[in-house]
Amino acid sequence: MLNCQQVNAHLSGRPWLVLLHGLLGSGEDWQSLLPHLGEFRCLLVDLPGHGRSASMTAAGFADVSQQLTATLQQLGIDDYWLLGYSLGGRISLYHACYGDTRGLHGVLVEGANPGLKTLRDRQQRRHHDQLWITRFRFQPIEQVLQLWYRQPVFSDLSDAQRQRLVDLRARNHAPAIATMLGGHLSGGAARPAPALVAPRAAGGLAVRRTGPEIYASRAAGRFPAAHHRQCRA
């Protein structure tokens with residue numbers, strides 16, 4: 001069972017929100033979101049190799065999906081939405097396409113997309129992922145994190161903010177992260193995906209990333225289902 005924290009578990013009447021963090025994060029990353037979710041039951045999950053699930057391993061996203069299903073079943077959660085950021089968004093989309101979706105209403109993701117359109121983009125992404133997998137597998141995690149937080153997307157961080165993140169994320173288990181990412185890259189990334197019905201951005205929860213933190217704003221009091229478009233994951 002994946003380590004997780006239940007919030008507002010005493011409530012009823014609405015589906016659970018199951019929150020999956022990004023690469024190198026943990027369920028604690030969602031703390032700044034919780035004040036906006038007082039009306040919802042929330043499950044903050046630590047993915048394999050991360051946070052308090054650092055000792056757990058997964059051979060790819062298929063394993064993570066199965067671990068997530070087992071966790072939800074053990075907790076008796078059979079009515080839920082998935083909210084995923086970055087890696088958590090990719091896993092949410094994978095679970096929606098290939099996992100046990102009984103009780104799943106849908107997914108809301110940020111920092112993940114339903115699929116890259118061109119072969120060149122997909123090849124570049126695989127090369128990028130493989131580079132970081134190799135680093136996570138063979139280099140000290142502190143060294144890898146220093147490189148990770150020097151990427152352009154983190155250019156707004158001060159040296160102090162960057163070091164704080166390195167110190168915090170060094171608690172993760174880098175080889176387990178490499179195994180999870182590598183297993184997906186070699187085994188499941190090229191599988192054909194079924195069509196998904198995706199709600200438009202209006203309504204529900206709007207989640208965005210600014211600097212090193214995750215913020216959220218309430219966009220509506222419920223998750224709309226009236227407006228849809230077809231996409232592929």
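Which strands does helix H2 lie across? Helix H2 (residues 87–98) lies across E2, strand E4 (80–85) and E5. Keep in mind as you look through these views that the model is predicted.

**View 1. Helix H2 sits across part of the sheet.** Find residues 87–98 and you've found H2, which runs at about 140 degrees to E4. The sheet itself is an open one with five strands, and pairing in it is mixed. Read across it and the order is E1-E3-E2-E4-E5. Strand E1 (4–7) and strand E5 (104–110) stand at the edges with a single partner strand each, so one side of each has no neighbour in the sheet. From one strand to the next, the twist averages 20 degrees.

**View 2. Strands E2 and E3 pair in the parallel sense.** Here you can pick out E2 at residues 16–20 and E3 at residues 42–45, paired over four bridges. Look for Val18: standing opposite this residue is Leu43 in E3.

**View 3. Val18 turns up again, this time in the largest nonpolar core.** This core has 42 residues, and Val18, Phe136 and Tyr149 are the ones with the most contacts inside it. Helix H6 (residues 174–187) supplies the largest share, six residues. Both domain 1 (4–115 + 191–218) and domain 2 (119–186) put at least three residues into this core. Now zoom in on Phe136: leaving aside neighbours within four places in sequence, its contacts are Leu23, Leu24, Val144, Ala174, Pro175, Ile177 and Ala178. There's also a second, separate core of 14 residues, with Leu33, Leu44, Trp81 and Tyr85 among them. As a rule, nonpolar side chains in soluble globular proteins tend to be buried together.

**View 4. Helices H1 and H2 cross at roughly 80 degrees.** The axes of H1 (residues 61–75) and H2 come within 10 Å. That crossing makes H1 roughly perpendicular to H2. Want to see where they meet? On the H1 side, look for Phe61, Ala62, Val64, Ser65, Leu68 and Thr69; on the H2 side, look for Leu87, Arg90, Ile91, Tyr94 and His95.

**View 5. His173 lies in a loop between two helices.** Those helices are H5 (159–169) and H6. Is His173 buried or exposed? Neither label fits: its relative accessibility is 37%, so His173 counts as partly exposed. Although His173 and Pro48 are 125 residues apart along the chain, their C-alpha atoms are separated by 8.7 Å. Not counting residues up to four places away in sequence, His173 touches Gly49 and Ala54.

Terms used:
Residues numbered from 1 in each chain as written. Predicted model: local features only at pLDDT ≥ 70, side-chain atom pairs only at ≥ 80, totals over all residues. Heavy atoms only, no water. Pairing = 2+ DSSP bridges. Axes fitted to C-alpha atoms, helices over the stretch in contact; angles between N-to-C directions. Contact = heavy atoms within 4.5 Å. Core = buried A, V, L, I, M, F, W, Y, C linked by side-chain atoms within 4.5 Å. Buried < 20%, exposed > 50% of the residue type's maximum accessible area, 1.4 Å probe, protein only. Domains from an automatic or database assignment. Parallel < 35°, antiparallel > 145°, perpendicular 65-115°, else oblique.
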